[in-house]
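Me: Please take a close look at one part of this structure and connect it to what lies around it. I would like the salt bridges treated, along with the core and the sheet.

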Amino acid sequence: MDNERSTTKRKKQITLSEAVAHFVTRDDARLTTKGSASLIQGSSLGRVKLHHLKTSAIRAWAERRLEFVRLARVMQDLRLIRFAYEAARHDFGLTLPDNPAMGFTLNERRRHLSAAELSFICQALEDEPALHAMVVVAAETGLSRGALSNLQWRDVDLDAATAKLRDRSAGPIVREVPLSPTAIEALRPLSRGSHRVFPVRVDRVKWSWMAACRRAGVKGVRFYEARHVLQYEGRRR
């Protein structure tokens with residue numbers, strides 16, 4: 001009897017983190033869920049016991065996530081929470097309330113990044129020349145993070161103020177974009193030790209951008225918005 005009570009008590013102490021850890025070991029767990037697992041397990045939400053998990057807490061957590069990542073990624077995280085909750089209910093025989101990760105929707109947060117905010121972010125990136133230049137060039141050319149990551153020195157002509165974009169690293173040139181004096185000034189001091197202009201991993205760009213935004217006191221914007229600053233300010237050339 002004591003062992004049964006102890007087991008029942010232990011089941012009631014299961015946290016969301018433990019439920020997620022259990023779910024990702026199941027055969028029916030998709031590989032796409034595993035990228036979200038460590039994030040949820042390391043969050044404050046992951047420490048909440050399943051019996052105490054509320055929709056309001058999940059919504060607040062998800063909305064904070066939307067400040068840094070796309071809606072599709074947050075929805076993937078929410079799916080994992082839903083599946084983990086149901087798996088724990090079934091596999092551990094838990095009597096739980098209705099799934100708190102069900103029944104609410106989120107809207108992707110989009111807001112314009114002002115020129116002043118971009119300036120603060122660039123100041124916060126001064127110790128990272130490549131990333132600082134990447135942000136400046138994104139704002140001046142409107143190029144995406146992916147296009148900038150693939151840009152090669154052989155296709156950049158600072159004297160002619162042009163940059164050529166390829167379909168792939170070794171693919172054909174698909175278009176040419178003009179470089180403003182500001183973009184050229186940002187590119188000129190960069191090292192040419194790599195064939196790529198910005199030899200920075202995508203995840204490093206993401207985390208450095210987020211850290212710079214925090215230091216600059218700018219919330220709710222992604223790198224994507226940097227490329228539209230001049231357009232919003234009415235100065236797109």
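What follows is a walk from the chain as a whole to the sheet, the cores and the charged pairs.

Reply: The model is predicted, and every value below is computed from it. The chain has 237 residues, of which 44% count as buried. Twelve helices and three strands make up its secondary structure. About 13300 Å² of the chain is exposed, and carbon and sulfur atoms supply 50% of that area. Among contacts with a separation of 6 or more, 64% join residues 24 or more positions apart.

Start with V156, which belongs both to the sheet and to a core. The three strands form an open sheet in the order β1-β2-β3, with antiparallel pairing. In general, strands of a sheet pair through backbone hydrogen bonds, in either a parallel or an antiparallel sense. At the edges are β1 (156-157) and β3 (173-178), each of which pairs on one side only. Between β1 and β2 the antiparallel pairing runs over two bridges. V156 stands opposite A163 in β2. A163 also appears among the residues that V156 touches: leaving aside residues up to four places away in sequence, these are L151, T162, A163, L179, L187 and V197.

V156 has a further role in the packing. The largest nonpolar core holds 42 residues, and the members that touch the most others are L113, I121, V156, L187, F198 and W209. Several elements supply at least two residues each to this core: the helices α6 (115-124), α7 (129-141), α9 (181-187), α10 (202-216) and α11 (223-226), together with the strand β2 (162-166). The most comes from α7, with eight residues. A second core, separate from this one, has 30 residues, including L45, L80, A84 and A88. L187 is named twice in this picture: V156 touches L187, and L187 is itself one of the core members with the most contacts to other members.

Now the charged pairs. The chain has seven salt bridges. One of them joins the side chains of D91 and R26, with N to O at 2.7 Å. This pair links distant parts of the chain, as D91 lies in helix α5 (residues 71-91) and R26 in the loop between α2 (16-23) and α3 (31-41), 65 residues apart. Are these two side chains buried or exposed? Neither term fits, because D91 has 32% relative accessibility and so counts as partly exposed. R26, at 25%, is partly exposed too.

Helix α5 takes part in another bridge. R65 pairs with D77, the closest N and O atoms being 2.8 Å apart. R65 sits in helix α4 (residues 55-65) and D77 in helix α5, twelve residues apart, and this pair also links distant parts of the chain. Both R65 and D77 are buried, whereas D91 is partly exposed. R73 joins R65 and D77 in a network of salt bridges.

A further salt bridge is formed by D203 and R201, whose closest N and O atoms are 3.1 Å apart. D203 counts as partly exposed because its relative accessibility is 35%. R201 has a relative accessible area of 60% and is therefore exposed.

To return to the starting point, V156 stands opposite A163 in the sheet and is among the residues of the largest nonpolar core that touch the most other members.

Note on methods. Residues numbered from 1 in each chain as written. Predicted model: local features only at pLDDT ≥ 70, side-chain atom pairs only at ≥ 80, totals over all residues. Heavy atoms only, no water. Helix = DSSP H or I, 4+ residues; strand = E, 2+ residues; numbered from the N terminus. Buried < 20%, exposed > 50% of the residue type's maximum accessible area, 1.4 Å probe, protein only. Contact = heavy atoms within 4.5 Å. Areas by Shrake-Rupley, 256 points an atom, 1.4 Å probe, with all protein chains shown as cover. Salt bridge = Lys/Arg side-chain N within 4 Å of Asp/Glu carboxyl O. Core = buried A, V, L, I, M, F, W, Y, C linked by side-chain atoms within 4.5 Å. Pairing = 2+ DSSP bridges.
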